[in-house]
Amino acid sequence: ADVAELKYKGKQLILIKPTTYMNLSGKAMNYWLQSEKISVENSLVIVDELALPFGKIRLGPKGSDGGHNGLKNIQEILNTTSYPRLRFGISNEFSKGHQVNYVLGKWSDEEKKTLDQRIKIAADAIKAFAFIGLARCMNEFNTK
């Protein structure tokens with residue numbers, strides 16, 4: 001994985017971006033959880049989400065993979081559906097059969113106008129997760 005480590009307000013945060021294929025994300029996650037002795041409850045998986053409007057975020061403690069192959073692999077490798085996750089909405093504005101091109105495509109001009117603000121909100125939610133925990137973080141950010 002690509003790894004960034006940082007200290008924020010006295011806490012050590014380790015950010016990983018798997019360099020495996022997306023559908024093998026569980027392998028990278030499991031490696032880093034074990035290597036750094038991090039419990040699943042103290043991890044936060046961040047994924048794109050077709051089922052949410054663009055820029056909307058949803059935090060949750062568990063759930064299905066929702067057809068997301070990266071989540072499916074994480075659940076298979078960790079043998080659980082109970083792990084914190086942040087889903088970042090990318091909407092589902094694509095024609096039938098064009099999902100891959102849509103997901104891997106470029107942001108529209110309209111999306112670009114608010115992307116930085118939505119990413120900042122997601123980043124604030126990630127930091128809040130590390131400091132106030134998932135339950136309070138969900139209360140604060142699932143309404144924005």
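Here a trainee and a mentor talk through a predicted model, one question at a time.

Trainee: Let's start inside. How many residues does the largest nonpolar core have, and which elements supply at least two residues each?

Mentor: The residues with the most contacts inside this core are Ile57, Leu59, Leu86, Phe88, Ala125, Cys137 and Phe141. At least two residues each come from strand 4 (57–60), strand 5 (85–89) and helix 4 (109–141). The core's size is 16 residues.

Trainee: Which element gives the most to this core?

Mentor: Strand 4, strand 5 and helix 4 each supply at least two of its residues. The top giver, with nine residues, is helix 4.

Trainee: What is Ala125 in contact with, leaving aside neighbours within four places in sequence?

Mentor: Ala125 is among the residues with the most contacts inside the largest core. Leaving aside those sequence neighbours, its contacts are Ile57, Leu59, Leu86, Cys137 and Phe141.

Trainee: And how many residues are in the other core, the one lying apart from that?

Mentor: Leu33, Val40, Val45 and Leu78 are among its members. The count for this other core is nine residues.

Trainee: On to the helices. At what angle do helix 1 and helix 2 pack?

Mentor: Helix 1 covers residues 25–35 and helix 2 covers residues 69–78, with their axes 7 Å apart. The pair is therefore classed as oblique, and helix 1 passes helix 2 in a right-handed crossing. The packing angle is about 45°.

Trainee: Which residues make that contact, and how many of them are charged?

Mentor: Helix 1 brings Ser25, Gly26, Lys27, Met29, Asn30 and Leu33, while helix 2 brings Gly70, Asn73, Ile74, Ile77 and Leu78. By class, there are five nonpolar and five polar residues in the contact. The charged count is one.

Trainee: Which elements do the buried residues of helix 2 pack against?

Mentor: The buried residues of helix 2 are Gly70, Leu71, Asn73, Ile74, Gln75 and Leu78. Their packing partners are helix 1, strand 3 and strand 5.

Trainee: Is Asn73 buried or exposed?

Mentor: Asn73 sits in helix 2. Leaving out residues up to four places away in sequence, Asn73 touches Asn23, Leu24, Ser25, Gly26 and Lys27. Its relative accessible area is 8%, and the cut-off for burial is under 20%, so Asn73 is buried.

Trainee: What about His68: buried or exposed?

Mentor: His68 lies in the loop between strand 4 and helix 2. Not counting residues up to four places away in sequence, His68 touches Met22, Val47 and Asp48. With 17% relative accessibility against a cut-off of under 20%, His68 counts as buried.

Trainee: Lys62 is in the loop between strand 4 and helix 2 too. How far apart in space are Lys62 and Thr81, C-alpha to C-alpha?

Mentor: Lys62 counts as exposed because its relative accessibility is 57%, over the 50% cut-off. Setting aside neighbours within four places in sequence, Lys62 is in contact with Thr81, Ser82, Tyr83 and Arg85. Lys62 and Thr81 are 19 residues apart in sequence, and their C-alpha separation is 5.5 Å.

Trainee: Next, Ser39. What separates the C-alpha atoms of Ser39 and Tyr83?

Mentor: Ser39 is in the loop between helix 1 and strand 3 (45–49). At 28% relative accessible area, Ser39 is partly exposed. Ser39 and Tyr83 are 44 residues apart along the chain, and their C-alpha atoms are separated by 9.5 Å.

Trainee: Now backbone angles. What phi does Lys9 have?

Mentor: Lys9 is in the loop between strand 1 (2–8) and strand 2 (11–17). Its relative accessible area is 67%, so Lys9 is exposed. Lys9 is not a glycine, although its phi is positive, at about 50°.

Trainee: Last one: what phi does Asn79 take just after helix 2?

Mentor: Asn79 belongs to the loop between helix 2 and strand 5. At 70% relative accessibility, Asn79 counts as exposed. Although Asn79 is not a glycine, its phi is positive, at about 60°.

Notes: Residues are numbered from 1 along each chain as its sequence is written. This is a predicted model: local features need pLDDT of at least 70, side-chain atom pairs count only at pLDDT 80 or more; totals for chains, interfaces and linings use all residues. Side-chain values use heavy atoms; hydrogens and water are left out. A nonpolar core is a set of buried Ala, Val, Leu, Ile, Met, Phe, Trp, Tyr and Cys residues joined through side-chain atoms within 4.5 Å. Buried means under 20% relative accessible area, exposed over 50%, partly exposed in between (1.4 Å probe, protein chains only). Helices (H or I, at least four residues) and strands (E, at least two) are DSSP runs, numbered from the N terminus. Contact means heavy atoms within 4.5 Å. Axes are lines fitted to C-alpha atoms, for helices over the stretch in contact, and angles run from 0 to 180 degrees between N-to-C directions. Angles under 35 degrees count as roughly parallel, over 145 as roughly antiparallel, 65 to 115 as roughly perpendicular and the rest as oblique. A crossing is left-handed if the near helix is turned anticlockwise from the far one by less than a right angle, and right-handed if clockwise. Ala, Val, Leu, Ile, Met, Phe, Trp, Tyr, Cys and Pro count as nonpolar, Asp, Glu, Lys and Arg as charged, and the others, Gly among them, as polar.
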